[in-house]
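Visitor: I would like to know how the labels on this model are earned. Please take me through the reasoning.

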Amino acid sequence: MAAAPGAFSLREVLAAFQACVTEQREVLLGPYLQGWRGLVRFLNGLGAIFSFISKDAVTKIQIMESYCSGERREEYRTLQSMVSYELSRGLVDLQRRSSHPDSGCRTILRLHRALRWLQLFLEGLRTARQDASTSAICTDSYNASLAAYHPWVVRKAAVVAFCALPSRDAFLEVMNVGGPEEAVEMLGDALPHIRDVYGITQELYEQHCLLNLP
Ligand code: 1PW
């Protein structure tokens, strides 16, 4: 069954992540943020309880969009150009947040960590049995990734929100890509691209010692 025209489909979100990587293995920030905007719509569609999770992502997307449409937008075309611009001008707080509390580097790092969670979660969803618990998949992937960076109170609230997730089949339905089999197939096609974007970002941040920015 095809999605109604104009309806939200996770396929488009994943296509945006696919469009991120250039031939030179650079990550384009435009499609990256477009992918994130779609993810937020998707999260909000899961219910009000998820809006607390998406709220911080929205703030971070907006910070990045203002750089990408601002005076120095050429410097913010790719992740690589952003990192070299901000580092060479001393625009990144490396020890603690002070004069540059919202650098592009630290803002993208937060989204990057959350992308790892998304990747693990969708991978779990794709390979799980039909009767598997989505909340358990979500909690496990969160605990294996983003949870390490969150204070206790955020971790508690997140795990409570996950309990409200629908069953695996209902979840695959919300993605709006057709039946469960089609959704699983789409995830199989799309996940390598998310993994790729994640891997390039991780390597770049490692090279520049940016993985623990405050
Ligand atoms: C169903 C799977 C969905 C994955 C989508 C991921 C959305 C991630 C947003 C999680 C946000 C939880 C609450 C906010 C915590 C912030 O303190 C934290 N932000 C993130 C993105 O982890 C850290 O940002 P900060 O406080 O250092 O500016």
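Visitor: What makes Arg129 and Asp131 a salt bridge?
Guide: This is a predicted model. In it, the closest N and O atoms of Arg129 and Asp131 are 2.8 Å apart. The cut-off is within 4 Å, so the pair counts as a salt bridge. Both residues are exposed.

Visitor: Why is Lys60 called buried?
Guide: Lys60 has a relative accessible area of 10%. Buried means under 20%, so the label follows.

Visitor: Which residue does Lys60 form a salt bridge with?
Guide: Asp56, with the closest N and O atoms 3.0 Å apart. Lys60 and Asp56 both lie in helix H3, residues 51-68. They are 4 residues apart, about one turn of the helix.

Visitor: Is Asp56 buried or partly exposed?
Guide: Partly exposed, at 42% relative accessibility. Buried ends at 20% and exposed begins over 50%, so Asp56 falls in between.

Visitor: How do you know that Arg72 and Glu75 form a salt bridge?
Guide: Their side chains meet at 3.2 Å, N to O. The limit is 4 Å, therefore the pair qualifies. Arg72 is partly exposed at 34%, and Glu75 is partly exposed at 24%.

Visitor: How many salt bridges does this rule give?
Guide: The count comes to 8.

Visitor: What makes Glu182 part of a negative surface patch?
Guide: Glu182 has 36% relative accessibility, and a patch residue needs over 30%, so Glu182 passes that test. Glu counts as negative. The patch is formed by Glu181, Glu182, Glu185 and Asp189. Glu182 is found in helix H9, residues 180-207.

Key:
Residues numbered from 1 in each chain as written. Predicted model: local features only at pLDDT ≥ 70, side-chain atom pairs only at ≥ 80, totals over all residues. Heavy atoms only, no water. Patch = residues over 30% accessible without salt bridge, like charges linked within 9 Å, V, L, I, M, F, W, Y side chains within 5 Å. Areas by Shrake-Rupley, 256 points an atom, 1.4 Å probe, with all protein chains shown as cover. Charge placed at Lys NZ, Arg CZ, Asp CG, Glu CD. Helix = DSSP H or I, 4+ residues; strand = E, 2+ residues; numbered from the N terminus. Buried < 20%, exposed > 50% of the residue type's maximum accessible area, 1.4 Å probe, protein only.
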